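Colleague: Could you take me through one part of this model in detail? I'd like a close look at the sheet and whatever sits against it.

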Amino acid sequence: MVSKLERLSIWNAYNRKCFYCDIPIPRISDMQVDHIFSEDLEEKPEKFEQVKLQYDLPSDFDLQAYYNLACSCGPCNRKKSNKQREKQVMLTYYSIAREKELIIKNLFDKYKDNIKASKILASIGSLLERKFLRPKEVVELIHIVEEMEKKVHNPVTITFTIFKENFDEYIQYYKWCDENLNEIINKIQNNLSCLYAICDDDRDGEGFGVRIAFWGLNWQEFSENFAPEIFDWDIVEVMNFFDFYQRSAADLFFSVENDRA
Ligand SMILES: [Zn+2]
């Protein structure tokens with residue numbers, strides 16, 4: 001099984017493009033992890049031995065290793081299915097995938113470190129609740145952790161709004177707001193690799209707005225996915241958390257679902 005963090009690493013290692021046809025895969029949910037040498041060889045040991053000989057693969061070739069995994073679009077993944085292509089093509093695929101192996105590993109370690117840092121913060125939070133730590137000690141510890149996960153207290157916040165007029169009923173309006181909230185959360189989850197949390201949402205009867213805090217937001221990644229040409233929502237405000245709320249965002253950070261691996 002490929003974990004969520006591994007999927008994220010593979011997707012980024014292949015620059016979010018299909019390994020076979022080179023088309024962009026902007027949403028991670030649309031990526032399929034393809035086994036270059038088919039996964040079901042695992043269940044056919046004799047066939048697997050033949051394939052290893054035929055393609056000069058090492059005897060300990062691991063079908064689940066990163067060097068056998070590629071980022072693929074749906075159509076290419078289906079087209080390839082279990083067919084093995086001619087030797088030269090397969091070997092070219094395999095040699096490119098081998099170069100990606102280290103990149104995938106490095107990305108994976110980086111994402112894991114981010115999550116580790118946020119877990120430390122969460123455990124500090126629970127120690128404090130159980131009064132094992134005095135606030136002063138917590139502050140000192142948080143300073144240490146901050147070096148690992150920069151700007152925990154002061155993430156950037158972005159306010160997104162969407163408008164629609166004339167709702168007959170309030171219930172209908174609320175349902176519309178909920179749908180929009182889901183939509184934007186899905187978009188963030190599928191396209192951004194950073195941690196985030198909802199600060200508040202605004203339902204004034206005429207539209208819907210939501211302010212979201214991002215830790216370690218990559219602006220390149222953001223602008224590629226949330227550019228006005230491809231995104232119906234308006235971005236009405238970008239501010240540091242502290243400037244808006246006049247407080248630290250550390251508590252919000254503790255509540256972020258950190259176990260995303
Ligand atoms: Zn493709």
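Modeller: Sure, let's start in the sheet: E3 and E6 run antiparallel and are joined by six bridges. One pair to click on is Thr-159, whose bridge partner in E6 is Glu-237. Keep in mind that this is a predicted model.

Now go to the other partner of E3. Strand E3, residues 156-163, also pairs with E5, again in the antiparallel sense, and here there are eight bridges. If you want a landmark on that seam, find Thr-161, which stands opposite Gly-209 in E5.

From E5 you can carry on to E4, residues 195-202. These two strands run antiparallel as well, with seven bridges joining them. Asp-200 is a handy residue here, as its bridge partner in E5 is Arg-211. E4 and E5 also make a hairpin, with four residues between the strands. Have a look at Gly-205 in that turn: its phi is positive, about 95 degrees.

Put those pairings together and you get an open sheet of four strands, in the order E4-E5-E3-E6, with antiparallel pairing. What happens at the edges? E4 and E6 (234-240) stand there, and each has a single partner strand, so one side of each is left without a neighbour in the sheet. Going from one strand to the next, the twist averages 20 degrees.

As for what sits against the sheet, that's helix H6, residues 170-191. H6 packs on the sheet and touches E3, E4 and E5. Compare its direction with that of E5 and you get an angle of about 25 degrees.

Back to E5 for a moment, since it turns up in so much of this. E5 covers residues 207-215, and seven of those nine residues are buried, so to speak of the strand as mostly covered is fair. One bit of background for when you look along a strand like this: in a regular strand the side chains alternate between the two faces of the sheet. And the pairing itself goes through backbone hydrogen bonds, which can be either parallel or antiparallel.

So, if you're stepping through it on screen, try E6 to E3 at Thr-159 and Glu-237, then E3 to E5 at Thr-161 and Gly-209, then across to E4 by way of Arg-211 and Asp-200. After that, bring in H6 and look at where it touches E3, E4 and E5.

Note on methods
Residues numbered from 1 in each chain as written. Predicted model: local features only at pLDDT ≥ 70, side-chain atom pairs only at ≥ 80, totals over all residues. Buried ≥ 20, exposed ≤ 12 C-beta atoms within 10 Å, placed from the backbone. Pairing = 2+ DSSP bridges. Axes fitted to C-alpha atoms, helices over the stretch in contact; angles between N-to-C directions. Contact = placed C-beta atoms within 7 Å.
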